[in-house]
Amino acid sequence: RRQLHEKKRPLLGSLDIFIFSLIAGLLIYWFLFRKKTEPVLDFKTFPANRNVVVFYGSQTGTAEEFANRLAKDAHRYGMKGMAADPEEYDMSELSRLKEIPNSMAVFCMATYGEGDPTDNAQEFYDWMQGTDDDLEGVNFAVFGLGNKTYEHFNATGKYTDKRLAELGGKRVFDLGLGDDDSNLEEDFISWKEQFWPAVCEFFGVEATGEDSSIRQFELVVHNDINMNQVYTGEMGRLKSFQTQKPPFDSKNPFLAPVSVNRKLNKGGNRHLMHIELDIMDSKIRYDAGDHVAVYPINDAVVVSRIGERLGVDLDTAISLKNLDEECNKKHPFPCPTTYRTALSHYLDINNKPRKNVLYDLAQYASDPQEQENMRKMASASPEGKALYQSWVLDSERNILAILEDLPSLNPPIDHLCELLPRLQARYYSIASSSKVHPNSIHICAVVIEYTTETGRVYKGVATNWLKNKEVTENGHKHTVPMYVRRSQFRLPFKPSNPVIMIGPGTGIAPFMGFIQERAWQKEQGKDVGETILYFGCRHKNEDFLYQQELEEFERVGVLTQLNIAFSRDQERKIYVQHLLKKNKEQLWKLIHSNNAHIYVCGDARNMARDVHTAFYEIAEEVGGLTHTQAVDYFKKLMTKGRYSQDVWS
C-alpha cells in the first residue's frame, strides 16, 4: 500500500513539458510571423468583358510596364485588356479563360539570375512544370525579357512559350525575345507592331483608328484629408514604417539602421563604400550569397525642380484612381499621397523615359516643332529611332532634362505621374556571413556619378542616397528600407570541397561572406578545402578593397591563395583572366580531379565572358579537350551547381 504522503506523479514529465512548449512556441511563431499572402483571385471572378489579359513576370518593373502598355493598346483594336500579376491569380484555373469569347492570355516574362523566373512568377512556373492540364482553346502569346550577356538568355520566356503549346494552348503569335544588352525597348516595339495585326487577323477584328493617348487614372485632390491617412513612402500597409511587423519582404520592407558607412578606397576619383545595416530586431535571416534589396529615395533637389518647372505645389494630397472600376490595380502607386512623396519614393524620375512616355506627353507641347520631334522619337521610323537614340539615350536625358530642354512642354503633373514607371528596389550581393554577423548585413558598392553629353551630372539614385546615410557624431542612425532575396549562389554543402572565387571590383562582395564563413567553419573544427580568390582592381594603392581583411585571412590560412590583378599598375593591363591562365595546371587539377566549385561575380558583359573563355582555354590546353568538349564540360559543371555566377550588366 502506498504511503499517503507520497508525492503525486506529475501529469506531465519534463520531456513532455519540453515537447509541449516547443510545439506551442512553433505555433505562436507561425501565427505571428507567417507570411500574410494576398488573397488569390480565380478565373471564375475574372471580368467577363476582359478578353486580353497580360500576365507579367517582373523583377525590376520592366515586364510589368510592357504588360500595362499591351493592355492599354488593346482598346485600339476594339478589345478590353488588363495587366495581371500571376502571383495574385490561381493559375491552375488558366484553362477557364477559354470560357470568355475571343480571349487570349499574353505573357511578358523576364528571366532573372541564372535562367530563373522572377519572384512573382515562381509559382506559375512551378505549376507549368508539374501540370498536365489541358489548355486546348486557350489562346496565348509570349514576349520574353532577357539579356544576351547571360548564359541562359530568355530561358523563362522560352520555357513559357514552349510549355503552354505542349499543354494544348494555341499560339496566336510567335515568341518575342527582348535583349537588354542591345535595345529592349526597340525589340518590344518591333514585336508589338507585328503582334497586333496577327491578333486582328486571328480574331477577325480591325483597328479602331483611335491613336490618341488614353488616360487610365483620374486625379482626385484631397483638400481636407487627415494626413495620418496619407502614404509617406510605405510600399504596402499604411504606417508600416512607424509600426514594423515581420515578416519583411518587398511589400513590407524593414527599416534597417545604418551602423557603419565607410569609404573603402584610399584614392582615385571614385567612391567605393562599405555599409552595414543593423537587422537585430527584425527576425530577418540570410545566408552568404543572398541579395539585399534596398528601396532608395530620389534626389530631393531633382524632385523640387520638377515641381518648380511645372508650377505645382508638390505637397498637395492626391490620389490617382483607376477609371476601370473592375480592374484589380486601383492606383499606380500607394494612394492617397502627395506629389512630393510620389516623385520621391514611388516614381522613377532618374532614368531615360521610354518612347511611350514621349508619345503620350507630346500632346502637351505647344510648340509644333517640339511636338513633332517628340512624336518622331516615339515612332518606329529609322529617323525617329536615330533621334531617340541620340537625343534621349546617348545624351542621357531624364524627365527633368526633357522638361528643361523643351520649354513649351507643360504636361499636367498627374498625367506625368501616371506615365512614369515605378521606382524599383536595388539589389546588392550581401558582403557578409550570417554565421559571423547574424545581426547585420554588409553592402559593398561604388557610387555612380559622371557628367553626361549635355553637361549635366548624372547621379545613381541608390548609391548616392546610400553614400549620404552617414552615422552622425551624436549617434543618430539613418535607416534604409530593405528585405532579403534568396539566391542560388551558395558555398558547397561539403566544406572540404575547394572553392575558386573570381570577383574583381565590387564583385568581391559575396566572397567576403564566403571567406568569413570558411573561417567560421575552420573554427568549428571542420575540414575546409582550399579557398582561392582572384580579385582585380585598378591600382594597389587606391582601390584594393578590403586589403587588410584579405591579407589577414591569407596570413591565418583561411585564404589558401590570394591572387590580385592590379590592371593599371604597369604598362600592359592585367586582368583576373590573365591570372587564371597563369595558374592553369593548378586550376585544372582542382576542377577536374578535386571537385572544386567555381564562383564568378561582377560584370557580365566583359569580365564574366573573358573568365569563361579562360576556363575553356585551360580545359583545352591542360585537359586536352577540343573547344566543343570544353564548352560542354563547363555547361555540365553549371548544371551540377559547380559553376555559379552572380553577374550584372
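## Exercises: a pocket and its chain

The second largest pocket holds about 580 Å³ of space. The model is predicted.

**Exercise 1.** Determine which residues lie nearest the centre of the second largest pocket, and how many residues line it.

*Solution.* Start with the lining. It consists of 26 residues. Then go to the centre. D299, V302, N350, V457 and K459 lie nearest to it.

**Exercise 2.** Find which helices and strands each supply at least two residues of this lining, and which element gives the most.

*Solution.* Go through the elements. Three helices and one strand pass the test: α6 (300-310), α11 (399-405), α13 (461-467) and β17 (457-459). Now rank them. α6 gives the most, with 4 residues.

**Exercise 3.** Sort the residues of the lining of the second largest pocket into nonpolar, polar and charged.

*Solution.* Nonpolar residues number 11. Polar residues number 8. The charged group has 7.

**Exercise 4.** Decide how compact the chain is for its length.

*Solution.* Take the fold first. The chain has 20 helices and 23 strands. Next, compare radii. The radius of gyration is 28 Å, and the globule rule gives 26 Å for 649 residues. These values are close, so the chain is as compact as a globular protein of that length. Add the extents. Along its principal axes, the C-alpha trace spans about 95 × 80 × 60 Å.

**Exercise 5.** State what share of the chain is buried, and what share of its accessible surface belongs to carbon and sulfur atoms.

*Solution.* Count residues under 20% relative accessible area as buried. They make up 51% of the 649 residues. Then take the surface. The accessible surface comes to about 30800 Å², with 49% belonging to carbon and sulfur atoms.

Technical notes: Residues numbered from 1 in each chain as written. Predicted model: local features only at pLDDT ≥ 70, side-chain atom pairs only at ≥ 80, totals over all residues. Heavy atoms only, no water. 1 Å grid on protein atoms, 1.4 Å probe; cavity = no way out; pocket = protein on both sides within 12 Å on 5 of 7 lines; lining within 4 Å. Points joined across faces, edges and corners; volume = space filled by probe spheres on them. Nonpolar A, V, L, I, M, F, W, Y, C, P; charged D, E, K, R; others polar. Rg over C-alpha atoms; globule rule 2.2 N^0.38 Å. Buried < 20%, exposed > 50% of the residue type's maximum accessible area, 1.4 Å probe, protein only. Areas by Shrake-Rupley, 256 points an atom, 1.4 Å probe, with all protein chains shown as cover.
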